[in-house]
Amino acid sequence: MALSLLLLLFVPFIFLLHLLYYRLRFRLPPGPRPWPVVGNLYDIKPVRFRCFAEWAQSYGPIISVWFGSTLNVVVSNSELAKEVLKEKDQQLADRHRSRSAAKFSRDGQDLIWADYGPHYVKVRKVCTLELFSPKRLEALRPIREDEVTAMVESIYNDCTAPDNLGKSLLVKKYLGAVAFNNITRLAFGKRFVNSEGIIDKQGQEFKAIVANGLKLGASLLWPSISHGCVGCSRWTKRHLPNMEHVEILMDVDTLSIVGHQVFSSPLDEDMITAGMDTTAISVEWAMAELIKNPRVQKKAQDELDRNPSEFRPERFLEEDVDMKGHDYRLLPFGAGRRVCPGAQLGISLATSMIGHLLHHFDWVSTQEIDMGENPGLVTYMRTPLEAVPTPRLPANLYRRMAVDM
Ligand code: HEM
C-alpha cells in the first residue's frame, strides 16, 4: 500500500521534473498545459489537424503538444512549414518510431520508418530510379486505364439496373476497388476480382488484413502503420508462394541494390499500405466537393468534353500552385526528403478516376453531403459519399477495356 502511494506520487513528480528540464533547456514553444504521464493525450480531439488548428489560434503558429511523455512540435503556417521541411529538412527527416512501429518495421529496415541515413537513401533511390520512374509509370498506364474503365462499367451497370434507377450509390465502393486492384496488380501481378466484380477468397483475406492494419493504424495514426503490413507479408508467403511478388515492382538488380530478399522486403508492404486508401479517399473528397458545387462539376465536364489535345498552355498560368512539395501553402504529399514517393502514381490514378467519373456521368446527391472528417490513418469522410450517377455518353462507351499484364 505504502509502495503504491509512493509510486503514485513519484511518477508525476518525475514527469514534472522532466517537463521543467525540457522547458528550461530548450525554451519550448507554448501549448496546452500537459498532465503528468498522459501529457495532452486527453485534450487532443480525434480529428487532430482541426484540433491543432484550434490551438494555433490560441497559442500561435508553433505549439508544443505532449503525446504522453513524447514532445511533438506542431507548426501551422507556410513559412514555418518551409523552415521545417526545407531549411531544417535533414535534421528533422527521421520519424519518431514508437515501440510498435519499431517492431513492425524491424527497427526501421523499411522505407516509411527508416531513419535518414545510407539505407534510407538507397531505398529512396530505388523508388526514384526504378519503381516510380516516369518510364515505369508510363508502362503501368494500361493497368490504370483497365481498372478505371472497369469502374466506369461497373457504375454504369449498377445505375442502369431497373431496380436502382434514381437511387444513390456508395461511391467509395467503386473507388476502393480501383485502388485495391491497381495495387494488387502492381505488387502481386494479380487481380483478385473477377469480371462480375466478385472478389475471390484470397482477395477477401488480403483485403481484411490490410483493412485491419489501417484500423489499427488509425488508433495511433502513423505509429501503427505497419500492423497490417506484417499480416500482408505472412499472408503472401502462405498464399502466393510462387508469385513473383515484389519482382513485379523491382527487378533482380533492384533487389540486390536494396539488399533484401524478395519476401523479406518490407518495401512492397509500405507501398500497399501507403498507396491504397490514400488515392481512393482523395477522389471521394474531390467528388463530394464537385457534387456540392454543380457549377464546378459542369465546368470540369465542359473542359473534358473539349478534352486535352487543345493547345491552351495558359491553363497552367491561371492557377499555378505546385502540389508536389515546392509550394508550402499546399502539401498533400509532404515535402523535402520524406516527400511521398508515390505522388505521381497517386496523381495519375486520381486524375484519371475523377476525369472518367465526370466525363461519363452527371452526379447529384439526394441529401446534404456531410463534409465532416473521420479520423484515421488517412482522413476518411465521416459519412461515406452517396450520390446518383446518370450516364451522359452513348452506351457503347461504358465497356471495360481489359488488359492482361
Ligand atoms: C493521393 C494519393 C496519396 C497521397 C495524398 C499521399 C500522401 C503522402 C504523405 C502526406 C506522405 C508523408 C510525407 C512526409 O512524411 O512528409 C506520404 C508518404 C509515403 N507515401 Fe504517399 N500518398 C499518396 C499515394 C501514394 C502511393 C500511390 C504510394 C505507393 C504506391 C505511396 C507511398 C508512400 C510511401 C512509401 C511514403 C513514405 C515515404 C518516406 O517516408 O520516405 N503514396 N504519402
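Hi everyone, let's start at Gly 189, which comes right after helix 8 and has a positive phi, near 65°. Before going on, a word on where this comes from: the model is predicted, with local features needing pLDDT of at least 70 and side-chain atom pairs counting only at pLDDT 80 or more, while totals for chains, interfaces and linings use all residues. Residues are numbered from 1 along each chain as its sequence is written, and side-chain values use heavy atoms, leaving out hydrogens and water.

Now back to helix 8 itself. Helix 8 covers residues 171–188, and its 18 residues reach 26 Å from first C-alpha to last, close to the 26 Å expected at 1.5 Å a residue (that is, 1.5 Å times one less than the number of residues). By helix I mean a DSSP run of H or I, at least four residues, numbered from the N terminus. Is helix 8 mostly covered or mostly open? Mostly covered: 14 of its 18 residues are buried, meaning under 20% relative accessible area with a 1.4 Å probe, protein chains only.

On to the ligand. It is surrounded by 21 residues, each with a heavy atom within 4 Å of it. The closest are Arg 95, Tyr 120, Arg 124, Arg 338 and Cys 340.

Let's look at some polar contacts, which are pairs of N or O atoms within 3.5 Å. A ligand oxygen lies 2.6 Å from a side-chain N or O atom of Tyr 120. For Arg 95 the corresponding distance is 2.8 Å, and for Arg 338 it is 3.1 Å. Helix 5 (118–131) and helix 13 (267–292) are the elements giving two or more residues to this shell. Helix 13 gives the most, with 6 residues. Thanks, all!

Note on methods:
Buried < 20%, exposed > 50% of the residue type's maximum accessible area, 1.4 Å probe, protein only. Polar contact = N/O pair within 3.5 Å; in protein donor to acceptor, adjacent residues only side chain to side chain.
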